[in-house]
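Student: I am new to this structure. Please take me through one part of it closely.

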Amino acid sequence: MQKKSILLIGNYPPPYGGVPRHIEYLAPHLVKEGWDVHILSGGDSGIEFCQGYTIYKDNRRQFEKFIDLVLFIVKIVGKPLIFAQLLRVLPFTALRNYIHKIVLGMQIVEKYDISIISAYNIYTGGPVGLFLSQVKQKPLVLTNFGEFFDQQEFFRTYPKLVPFICKVSDRLVSMTRHCARSYQLVGASPKVDVISIGIDVAAFAPENDGLIIRKQLGIRETEPVILFVGRMVRDMGLHTVLAAVPQFLEAKPELKIVIV
């Protein structure tokens, strides 16, 4: 029986962040479940093999990318209807930022007979996944990690992108209801499946003595602590924590709040 094959379009660490960490956890799990896993990532370190899956980070020179671009146009012109649809969504001036990934992705889809394409973030992986799924006629799953909050200028510039992706995607996924509702910021209201993303509890259960850090911060052993880790921007939700501080302190006057 032939293995099921999947192409994940999203960054693999490094750099580190929400999507890279998720893919780092997801890929080996899919391998254990019998999937042939390929990851199309950013970066410039070539092809890597890790725990049974393959990571492609394009590092070709500009001339080689130009040759690939010419070959890509020659191939896709044979599908004029799809090409016309895609150019209405993203003009070629915008598409050129994604072309090298699209070309590499097409090679992966063809060589490994990819069964399903899973793209992360409409701003980055979405256009690549959109092209590959339409040209190669493969199902597309698109996962939104909240990019509508900090990339609204991009979506205002290309207002047709989100409706078209929502229309052609076989499934839209977000990890929280908060991210699922973020489509409303660009005037869309598609059906979005909320699938909570877990973490490696072993990795985040260190055996370090927390009293050392409490001492450094001047926090007594008996005082409860709320820890926030994230960028200090609205879409990370820090404003919600700060708004709740008066209620926290009313219930627990000794409470300490640490923001990292």
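Student: How many bridges join β2 to β4, and in which sense do the two strands run?

Tutor: First, the ground rules. This is a predicted model, where local features need pLDDT of at least 70, side-chain atom pairs count only at pLDDT 80 or more, and totals for chains, interfaces and linings use all residues. Residues are numbered from 1 along each chain as its sequence is written, and side-chain values use heavy atoms, with hydrogens and water left out.

Now β4. Four bridges join β2 to β4, and the two run parallel. Two strands pair if DSSP finds at least two bridges between them. Strands are DSSP runs of E with at least two residues, helices are runs of H or I with at least four, and both are numbered from the N terminus. Across from Y56 in β4 stands L40.

On to β3. It pairs with β4 in the antiparallel sense, over five bridges. F49 stands opposite T54 in β4. β3 and β4 form a hairpin, with two residues between them. Q51 sits in that turn and has a positive phi of about 50 degrees.

Next, the cover on β4. Five of its five residues are buried (buried means under 20% relative accessible area, exposed over 50%, partly exposed in between, with a 1.4 Å probe and protein chains only). In a regular strand the side chains alternate between the two faces of the sheet. In β4, Y53, I55 and K57 lie on one side. T54 and Y56 lie on the other. Both faces are covered.

Now step back to the sheet. It is open, has eight strands and mixed pairing, and follows the order β3-β4-β2-β1-β5-β6-β7-β8. The edge strands are β3 (46-50) and β8 (193-194), and each pairs on one side only. Helix α5 (residues 99-112) packs on the sheet. Its contacts (heavy atoms within 4.5 Å) include β4 (53-57) and β2 (35-41). The direction of α5 makes about 170 degrees with that of β2. For such angles, axes are lines fitted to C-alpha atoms, for helices over the stretch in contact, and values run from 0 to 180 degrees between N-to-C directions. Helix α6 (residues 121-136) packs on the sheet too, touching β1, β2, β5 and β6 (140-144).

At the β8 edge, β7 (residues 171-174) and β8 pair in the parallel sense over two bridges. There S174 stands opposite V194 in β8.
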